Amino acid sequence: SANLKTGKEVTLQDIINKRGLESSAIDAKIKETVQEAAKEAESVAKTGYDIYKRKLDSEIYLVENVTNFIQGPKGELFIIYDYGETNNTSEMDVIEI
């Protein structure tokens, strides 16, 4: 991702370091949020709807592998995981840090 004001490339690790956060704490937040979303999806599946099952042990859920994130003008930070059967999906998990 790039800083829209400067055009300079910015990584999630740059943001984490600047905020003095630990990657392990963010990994835990990601895992907690995605597990909760998976649990909610399982509840929906019990009513007869088809769902996409997340692979909770996937390495995509580690900070070091995050590819989609947004930092807002007030410092909001969102990590975004899109999922589904194709690359063109509207299904996503959004984790606020």
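Lys-53 is exposed, with a relative accessibility of 55%. I begin with this residue of our predicted model on account of its partner. Lys-53 forms a salt bridge with Glu-42, and the closest N and O atoms of the two are 3.7 Å apart. Lys-53 sits in the loop between helix H2, residues 23–45, and strand S1, residues 69–71, whereas Glu-42 belongs to helix H2 itself, so the pair ties together parts that are 11 residues apart in sequence. As for Glu-42, this residue is partly exposed, at 32% relative accessible area.

How many salt bridges does the structure hold? There are 2. The other pair is Asp-93 with Arg-54, where the closest N and O atoms are 2.8 Å apart. Asp-93 is part of strand S3, residues 92–96, and Arg-54 is in the loop between H2 and S1, so this salt bridge ties together parts that are 39 residues apart in sequence. Are Asp-93 and Arg-54 buried or exposed? Both are buried.

Let me now place these pairs within the chain. The chain comprises 2 helices and 3 strands. Following the sequence, one reads the pattern α-α-β-β-β.

Helix H2, which carries Glu-42, deserves a closer look. With 23 residues and 1.5 Å a residue, H2 should span 33 Å; the C-alpha atoms at its ends are indeed 33 Å apart, so the model agrees with the expectation.

Which residues of H2 are buried? They are Ile-26, Ile-30, Val-34, Ala-37, Ala-38 and Ala-41. For those meeting such a list for the first time, the spacing of the numbers is worth a moment's thought. An α-helix has 3.6 residues a turn, so residues three or four places apart point the same way. The next matter is what the buried residues of H2 pack against. Their partners are helix H1, residues 12–19, strand S2, residues 77–82, and strand S3. Strand S3 has already appeared, as the location of Asp-93.

Finally, some totals. The chain has 97 residues, of which 23% count as buried. Among contacts with a separation of 6 or more, 42% come from residues 24 or more positions apart. The chain exposes about 7200 Å², and carbon and sulfur atoms supply 49% of that area.

To close, I return to the two salt bridges. One joins Lys-53 to Glu-42, and the other joins Asp-93 to Arg-54. Lys-53 is exposed, while Asp-93 and Arg-54 are buried. Thank you for your attention.

Note on methods:
Residues are numbered from 1 along each chain as its sequence is written. This is a predicted model: local features need pLDDT of at least 70, side-chain atom pairs count only at pLDDT 80 or more; totals for chains, interfaces and linings use all residues. Side-chain values use heavy atoms; hydrogens and water are left out. A salt bridge is a side-chain nitrogen of Lys or Arg within 4 Å of a carboxyl oxygen of Asp or Glu. Helices (H or I, at least four residues) and strands (E, at least two) are DSSP runs, numbered from the N terminus. Buried means under 20% relative accessible area, exposed over 50%, partly exposed in between (1.4 Å probe, protein chains only). Contact means heavy atoms within 4.5 Å. Accessible areas come from the Shrake-Rupley method with a 1.4 Å probe; for residues, only the protein chains shown count as cover. The expected span of a helix is 1.5 Å times one less than its number of residues.
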